[in-house]
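Trainee: Please take a close look at one sheet of this model, pairing by pairing. Then set it in the context of the chain and of the assembly.

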Protein chains: 2
Amino acid sequence: MWILREDEVSAIAVGAGILGAGGGGSPYLGQLQLTGLLREGRRVGIMPAGELQDDDLGCGVSGMGAPTVGIEKLPRGDEMWQSVHAIEQHLGRKFRFLVVGEVGGGNAIEPLIAGAYGGLPVIDADPMGRAFPELQMDTFMIYGVRPWPFALHDPQGNSAVFGPVDSAKTAERIGRAATVAMGGSVALALPVITGGELKSYGIHGTLSLVHRLGRAVEVANRQKDDPIAGIASVVPAQELFVGKVVDVERRTTGGFARGRLQIAGLGGYQSENMQIDIQNEFLIAYRDGVPVATVPDIVALIEEESGLPLGTEALRYGLRLTVVGIPAAAKLKTERALAVVGPRAFGYDVDFRPLPGDLPEAALQVAG
Amino acid sequence: MWILREDEVSAIAVGAGILGAGGGGSPYLGQLQLTGLLREGRRVGIMPAGELQDDDLGCGVSGMGAPTVGIEKLPRGDEMWQSVHAIEQHLGRKFRFLVVGEVGGGNAIEPLIAGAYGGLPVIDADPMGRAFPELQMDTFMIYGVRPWPFALHDPQGNSAVFGPVDSAKTAERIGRAATVAMGGSVALALPVITGGELKSYGIHGTLSLVHRLGRAVEVANRQKDDPIAGIASVVPAQELFVGKVVDVERRTTGGFARGRLQIAGLGGYQSENMQIDIQNEFLIAYRDGVPVATVPDIVALIEEESGLPLGTEALRYGLRLTVVGIPAAAKLKTERALAVVGPRAFGYDVDFRPLPGDLPEAALQVAG
């Protein structure tokens, strides 16, 4: 068991910002809160899925809502844990573990806060290896874990437990409507999952991965080295573009931050432009109109000045940045998964054009 | 205990159509279904609140959503009971009774169907003595019964249990959003209530009242007598207008059927017009621009040809009708209640101008 140290939190936030593809919410508030909890003496352990028994019962946890709302609506602190606890009460059972609902952005931090509150270990895995805008876009849902019961809990303490629901898409539709009515940014406990299911369908080692990724970037930035090289030392990343933001079209609608980003090229890209389509996350990057990175592959924006990743909510005119492409985890690139998370699932008439390689996944070492 | 007979169902539907003020949903489908259940040998008993022990636990039940959707979306049958059962499971307790969530329109019938499915008696009382568009507009909520947990259940079997919520208005906001996402017409189980609370805050005898009211109208229609006189023999009703529908402005928006009805006068009203403002229910009737009936008093429309009440969903150009005003129950006319159900609570800059009298309420005879 990896007992999280206070000085490891910022690296997780940076790494999750990169894999988050702009989504998952700003990690800033969560980072402050988790650091504070650890300083107070609370502990949270991170555990490989291989150490679970197949019939151990646990629960996924993440935020639901638009990142543009998440940065304006202060969390109360315990809502992530309360959303999990609402399901424990509903089922009349205690969970043995938590699992990260999506390892992107602030959603990598929130389960660690829930674990620190609830005294439960957080498994070193997630069902995305990135962030996605909708609830059904998740290897647990895609490969058949039941999408209910699930719970929402808002910072005012309002709570709801949903289920039965006839599909993960129905869960998304009803949950999204409730999220908007609950203020646009809430805690989501989903799914209830066994150790066996998690071992089969999870993307393993992603909390360790975002930690290594963030540390490599932090070290590069501290040494005035290239952060992109730091990223590429941990995952098979490639530079897609370097430029300056010339237009941000972004609106918060239907519980999502949707929009389009225009970047004018700099340096070797001076005569070119890049457009990136957004739905909470950066979904498709077009260079001079040609798609060069497509969902589920990860499009990350690294700001030149800070050397740090940018979330959807932080975009503004004039920012100079490098666009980086990182291949998705293999479990997101099967035919079954692409039907849910490929470009056509988002309404684009574009084929998935995989970047080379896969997001590295930890080998599952089964205990005993 | 009044064991409901098959031949009593239509009178309840007619009476509930009158007190429903156009809302509560069409009773037609529910009437067919309840009649069918009774014909199959199922039974449902209707019991005065006075026979309850103060610590008996029960639950309110009604439909939630726009009546314009309710007539287009066929119920599955058992969703009312399933919504109640979801709360039983959530609490780990069995209920002893059901209570009508609103005695207007189809919502007077639905709890009887739930009672027939669940084998529970339905109390002869409700918290409105009419229908209202929003969940907090209810004497149980107004006088302090806790608005959670509450459950929604849709005809596809999707279900959700809500709570804690910080107020009845929050319950309305979140529940309404979920209702829309669940297709716009769902079963609502609310509130969980004790026998003692029901005795204190309920409007008593309203199921018996709608039955008597409907029977009086059915008898008058059968004998080619005036149905308005039939209504007035049971409740203190007054004729407000007679005319022909010349315009119906109606849209289903935000989970409500909203609109405005224009009626041109006939007979003694020939030189006059009436406008009625609608939000699921008929809220305010203006004669030549002057409010002559204001919510919470009841505005009922009786169609000339059939002698039967019209729901919001049935309005159309050319219908000839009589507009009838019926005073609300006394518990809706306190200062505390008018803050929630008076014209200003609906956004109108109009004072409540009470019609003479009160909706008759049964005396509470405590058993034993």
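**The open sheet and its setting**

Mentor: In this predicted model, a convenient place to begin is the pair formed by strand β13 (residues 273-279) and strand β14 (residues 281-287) of chain A, which are joined in the antiparallel sense over 6 bridges. Within that pair, A:I276 has A:A285 of β14(A) as its bridge partner. The pair belongs to an open sheet of 7 strands in chain A, whose order is β15-β14-β13-β12-β11-β17-β16, with antiparallel pairing. The edges are taken by β15 (290-294) and β16 (298-303) of chain A; each has a single partner strand, so one side of each is left without a neighbour in the sheet. On average, and with direction ignored, neighbouring strands of this sheet in chain A are turned by 35 degrees against each other.

Chain B can be followed out to both edges. There, 7 strands form an open sheet in the order β15-β14-β13-β12-β11-β17-β16, again with antiparallel pairing. β15 (290-294) and β16 (298-303) of chain B hold the edge positions, and because each has a single partner strand, one side of each lacks a neighbour in the sheet. The average turn between neighbouring strands of the sheet in chain B is 35 degrees, direction ignored.

At one edge, strand β14 (residues 281-287) of chain B is joined to β15(B) by 4 bridges, and the two strands run antiparallel. B:Y286 stands opposite B:P291 in β15(B). β14(B) and β15(B) form a hairpin with 2 residues between them. In the turn of that hairpin, B:D288 has a positive phi of about 45 degrees. At the other edge, β16(B) pairs with strand β17 (residues 320-326) of chain B in the antiparallel sense, over 6 bridges. Here B:E303 stands opposite B:L321 in β17(B).

The next level is the division of the chain. Chain A is divided into domain 1 (2-204) and domain 2 (236-346). The centres of these two domains of chain A, taken over C-alpha atoms, are separated by 24 Å. Across their boundary, 30 residues of domain 1 of chain A are in contact with 27 residues of domain 2 of chain A. On the domain 1 side, the elements that give two or more residues are α1 (9-19), α3 (67-70), α6 (139-142) and α7 of chain A. The most comes from α1(A), with 4 residues. By class, the residues on the domain 1 side divide into 15 nonpolar, 13 polar and 2 charged.

Helix α1 can be examined further in chain B. Helix α1 (residues 9-19) and helix α9 (residues 206-222) of chain B pack at an angle of about 100 degrees, and their axes lie 6 Å apart. That angle makes α1(B) roughly perpendicular to α9(B). The residues of α1(B) in this contact include B:A11, B:V14, B:G15 and B:I18, while those of α9(B) include B:V210, B:L213, B:G214 and B:V217. By class, the contact of α1(B) with α9(B) has 12 nonpolar, 4 polar and 3 charged residues.

Finally, there is the meeting of the two chains, where 20 residues of chain A are in contact with 20 residues of chain B. On the chain A side, β8 (159-162) and α7 (168-181) are the elements that give two or more residues. α7(A) gives the most, with 7 residues. The class composition of that side is 11 nonpolar, 7 polar and 2 charged residues. Strand pairing also crosses between the chains: 3 bridges join β8(A) to strand β8 (residues 159-162) of chain B, and these strands run antiparallel. A:F162 stands opposite B:A160 in β8(B).

How are the two copies related? Chain A is superposed on chain B by a rotation of 180 degrees with 0.1 Å of shift along its axis, at an RMSD of 0.0 Å. The copies are thus related as by a two-fold rotation axis. Because 100% of the interface residues of chain A are also interface residues in chain B, the copies meet through the same surface.

How values were computed
Residues numbered from 1 in each chain as written. Chains lettered and ligands numbered in written order. Predicted model: local features only at pLDDT ≥ 70, side-chain atom pairs only at ≥ 80, totals over all residues. Contact = placed C-beta atoms within 7 Å. Nonpolar A, V, L, I, M, F, W, Y, C, P; charged D, E, K, R; others polar. Pairing = 2+ DSSP bridges. Axes fitted to C-alpha atoms, helices over the stretch in contact; angles between N-to-C directions. Parallel < 35°, antiparallel > 145°, perpendicular 65-115°, else oblique. Least-squares fit on C-alpha atoms with pLDDT ≥ 70 in both. Domains from an automatic or database assignment.
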